[in-house]
Amino acid sequence: MYRCVRCGRNVNALNGFTCGCGGTLEVVHESLEASLEVFESRLSEMEGPYRSGVWRYKELIHPLIGAEYIVTRPEGNTNLYRRVEVSRYTGLERVQLKHEGENPTGSFKDRGMTVAVSEAVRNGASVVVCASTGNTSASMAAYAAQAGLKAVVFIPEGEIAYGKLAQALAYGAQVIQVKGSFDDAMRVVKESSVELGLYVLNSLNPWRVEGQKSIIFEMLHQRGWEPPDWILVPAGNLGNTAAFGKALRELKQLGVIDETPRIASIQAEGASPFYRLWRGKLNRLEAVEPMTVASAIKIGNPVSWVKALDSIRGTDGVVERVSDTEIMNAKAVVDASGVGCEPASAASVAGAKRLRDAGVIDMDEEVVCVLTGNLLKDPDNTVKYHLGELASIDARHMNRPVKAEPDVGSIERLLRQPNSQTVEAVVSLS
Ligand code: F0G
């Protein structure tokens, strides 16, 4: 069963994926149970659904679905890192990075996608659709290919990173470039799903949110079910912020955790309608025209803002925004620590620094920053940053390539320079 988060009505089926009142729906489970021993025992699985870092927690996500419907890679099982460079940068002694870019298609989307595609199969769907800033389309295309479903993705024309476009094309999805923004593409998907009876796999579909709860389950499991003080997450369409709040609420109800970590949802300054809503104590989200280098979160009218607001309020959380310069410099630090992520992901680390600098997070508090996507998703902006070619970005951690004659003498002279970035032979690769 589903419940409308706006009017509170219970709804039996996902017709049109929203309530009659236009509100978004959330899954209501008849009963939830959590056996930490069972979750622990599944860690040794070598194959099958329970090897997945999503389906390991099946009883908390989709208890009733039959194994025959489950479409899994498997996904999840992503690492938690500590890096001294990131601690130094953020000013936080105890900060960890949960790297969701280690999922099969390189972003956290696979966690929600395995659940929602399985549900689509269970419902006999044949065509699945989504609007996307790139990662959802890559993930949906891969899972649809595995399940034998036709995939149709709507992307804002010329706005998504090449790594993601390459994936959607390669996995065989039909790619429709919409002349407009992500928000226009999302509107088209909503309308055509009703008119044409298409199965929507955006986080408007509440099963996506159920799958994304597993980021929290797996992270807490890795930490011996000891919650951190804070969880920081980049925020665009707000599916993750919604999922994190629901996961923590359910774990608290089940008695798995006593203390609830505070969620900090981090938006890009030029695409921060949720920040404005929270900061201005507004009653409704006011859409904005989005503008940011972090194309994954270039969203002006996020779908899940009502659920996300519940998450922030329910965890005594905060919403913050960071500039493109802060995002790209934080990314450069995460990258140079050897971990690496795509621009939008680094919003969580940039947010950690900002909240620490403002004294909102204490130096010795335990913080987990979620990295949402892989470094290779957006090579163009990474290279441009290091060449100093990103307009209006004050790149503090540039690593420019240098040119050399092909002989040992020149190389030796080059390596003797105190800082290879200052030699005259700096080139532009453009
Ligand atoms: N980080 C990355 C790398 C993303 O791809 C997204 C969303 C977000 C953060 C924001 O997450 O929507 O749950 O608040 N990407 C979507 C897409 C919109 O189409 O791939 P959110």
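Modeller: Two strands pair if DSSP finds at least two bridges between them; strands are DSSP runs of E with at least two residues, helices are runs of H or I with at least four, and both are numbered from the N terminus. This is a predicted model, so local features need pLDDT of at least 70, side-chain atom pairs count only at pLDDT 80 or more, and totals for chains, interfaces and linings use all residues. Residues are numbered from 1 along each chain as its sequence is written, and side-chain values use heavy atoms, with hydrogens and water left out.

Biologist: What makes β1 and β3 a pair?

Modeller: Strand β1 (residues 2-4) joins β3 over three bridges, in the antiparallel sense. That count satisfies the bridge rule, so the two strands pair. Within this pair, R3 stands opposite E26 in β3.

Biologist: In the sheet β2-β1-β3, which are the edge strands, and what makes them so?

Modeller: The three strands form an open sheet with antiparallel pairing, in the order β2-β1-β3. β2 (10-11) and β3 (25-27) each pair on one side only, and that makes them the edges.

Biologist: How do you know that β4 and β5 pair?

Modeller: DSSP gives β4 and strand β5 (residues 94-99) two antiparallel bridges, so the rule is met. In β5, L97 is the bridge partner of Y81. These strands belong to an open, mixed sheet of six, ordered β4-β5-β13-β10-β11-β12, with β4 (80-81) and β12 (318-322) at the edges.

Biologist: Now the ligand! Which residues come nearest?

Modeller: Its shell has 19 residues, and S132, T133, G236, L238 and T372 come nearest. Here "near" asks for a heavy atom within 4 Å.

Biologist: What makes the approach of S132 a polar contact?

Modeller: A polar contact is a pair of N or O atoms within 3.5 Å. An N or O atom in the S132 side chain is 2.8 Å from a ligand oxygen, so this pair qualifies. A polar backbone atom of L238 is 2.7 Å from a ligand oxygen, and a polar side-chain atom of T372 is 2.7 Å from a ligand nitrogen. By the Shrake-Rupley method with a 1.4 Å probe, the ligand taken alone exposes 480 Å², of which the protein buries 99%.

Biologist: Which elements give two or more residues to the shell?

Modeller: Those are α4 (135-147) and α9 (239-253).

Biologist: What makes L238 unusual in its phi, and where is it found?

Modeller: Most residues other than glycine have a negative phi, and most peptide bonds are trans. L238 is not a glycine, yet its phi is positive, about 75°. L238 is found in the loop between β10 (230-234) and α9.

Biologist: And why is the bond joining R73 and P74 worth a look?

Modeller: That peptide bond is cis, with omega about 15°. P74 is found in the loop between α1 (36-41) and β4.

Note on methods
Polar contact = N/O pair within 3.5 Å; in protein donor to acceptor, adjacent residues only side chain to side chain.
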